[in-house]
Amino acid sequence: MRSHVLEGKVRHRRARPFTYGLEHNVFYFALDLRELDELAGRSRLIRRNRRGIVGFRDADYLPGGSTDLDRDVRAVLRADGVDAADWQILLITHLRILGYVFNPASFYLCRDAEGTLRRVIVEVHNTFGERHLYVLRPSDGGPAFRAGMAKDFFVSPFISLDGRYAVHVRDDDEGVRIAIELRQDESHLLSTSLVLRRRPLTDGVLLRLLLRHPLQPQRTIALIHWHAFRLWLRGAPFFRHGQVTRARAAAARSGAEGHASGGAA
């Protein structure tokens, strides 16, 4: 099986209006989407779309919820202009632990039949229950996958909707390293990185990881709120979700109306 687990560290560092950093030990599942049923059949701990100690639910992914994740992700790739019928799609994600999961970001590494990483889909969830997909194409042919994207989704109340991300992904024999930088007004604001080592996905390895990182999804959501509280105490600028999204929508409407007026003139 190509599916496995990844263990390592997640790091965040904020540069403005003050420096603020965090580092936590984590583990992720790296799942070949064509092996989901086989994986659940082999493992005594993992269940697909059923209750279990560790649970994978298709509905936990994609805006609106998937019913068959492998089929639906390939449809996303077709909509982006590629025939991904024979591609390998590896999903890096958290799974449900005792029925609960929260994934700030999941990553679909999409390789063609020759093994070249052709697309990376970043699926971002926020604490308002919303989901958003960024489908990334490589910007060059170097050894690492590099791409950029405009910030289009509200995640943190301490970061506005402005800015642009730079994403670097390296997936090799040593492990997976993902780095994301957010820039606003042409200056660095936030950097996030995952540095992960591969482990075989066996019940023994998984049990040890569950004991080493107990209730990781529950801990993730608790840490998100803990760090948000600390940023608030230090006076970080605060952006309300409704105000930000309404302002973005109003700006888009204003731009469209101006464009239409200019065309009519």
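Which residue does the side chain of Asp32 meet in a salt bridge? In this predicted model, the partner is Arg2, with a distance of 2.7 Å from N to O.

## Salt bridge between Asp32 and Arg2

The two residues of this pair come from distant parts of the chain, since Asp32 belongs to strand E2 (residues 20-32) and Arg2 to the segment before strand E1 (4-14), with the two positions 30 residues apart in the numbering sense of being 30 residues apart. Asp32 has a relative accessible area of 2% and is therefore classed as buried. The contact is one of 19 salt bridges in the structure.

## Strand E2 and its neighbours

Strand E2, which contributes Asp32 to the salt bridge with Arg2, is mostly covered, with ten of its 13 residues buried. Strand E1 is joined to E2 by a hairpin that passes through five residues, and eleven bridges connect these two strands, which run antiparallel. Within this pairing, Val5 has Phe29 of E2 as its bridge partner.

E2 is also joined to strand E5 (residues 88-93), in this case by four bridges, and the two strands again run antiparallel. Here the bridge partner of Leu31 is Leu91 in E5.

## Glu7, Arg199 and a shared network

A salt bridge with an N to O distance of 3.8 Å brings together the side chains of Glu7 and Arg199. Because Glu7 lies in strand E1 and Arg199 in strand E13 (residues 187-200), this pair ties together parts of the chain that are 192 residues apart in sequence. The two partners fall into separate accessibility classes: Glu7, with a relative accessible area of 6%, is buried, whereas Arg199, with a value of 29%, is partly exposed.

## Arg48, Asp58 and the sheet E3-E4-E6

The side chains of Arg48 and Asp58 form a further salt bridge, for which the N to O distance is 2.8 Å. Arg48 is placed in strand E3 (residues 46-48) and Asp58 in the loop between strand E4 (54-56) and helix H2 (69-79), so this salt bridge ties together parts that are ten residues apart in sequence. Both Arg48 and Asp58 are buried. Elsewhere, salt bridges with shared partners join Glu7, Arg199 and Arg212 into one network.

Strand E3 takes part in an open sheet of three strands, whose order is E3-E4-E6 and whose pairing is mixed. The edges of this sheet are occupied by E3 and strand E6 (96-97), each of which has a single partner strand, so that one side of each is left without a neighbour in the sheet. E3 and E4 run parallel and are joined by three bridges, and in this arrangement Arg48, the partner of Asp58 in the salt bridge, stands opposite Phe56 in E4.

## Aromatic pairs

Seven aromatic pairs are found in a search of the whole structure. One of them is formed by Phe56 and Tyr61, whose rings are stacked, with 5.5 Å from centre to centre and 20° between the planes. Both rings belong to buried residues, given a relative accessibility of 3% for Phe56 and of 2% for Tyr61.

The rings of Trp226 and Phe229 are arranged otherwise: their centres are 6.3 Å apart and their planes are at 35°, so this pair is tilted. Trp226 and Phe229 are three residues apart in helix H4 (residues 216-233), which means that about one helical turn separates them. Each of the two counts as partly exposed, Trp226 at 46% relative accessibility and Phe229 at 39%. Together with Trp232, Trp226 and Phe229 form one aromatic cluster.

## Contacts of Asp203

Asp203 is located in helix H3 (residues 203-212) and, at 17% relative accessibility, counts as buried because the limit for that class is under 20%. Its side chain is joined to that of Ser43 by a polar contact of 2.7 Å. When residues up to four places away in sequence are not counted, Asp203 touches Ser43, Arg44 and Leu45.

Key
Residues numbered from 1 in each chain as written. Predicted model: local features only at pLDDT ≥ 70, side-chain atom pairs only at ≥ 80, totals over all residues. Heavy atoms only, no water. Salt bridge = Lys/Arg side-chain N within 4 Å of Asp/Glu carboxyl O. Buried < 20%, exposed > 50% of the residue type's maximum accessible area, 1.4 Å probe, protein only. Pairing = 2+ DSSP bridges. Polar contact = N/O pair within 3.5 Å; in protein donor to acceptor, adjacent residues only side chain to side chain. Contact = heavy atoms within 4.5 Å. Phe/Tyr/Trp six-rings, centres within 6.5 Å; stacked < 30°, edge-to-face > 60°.
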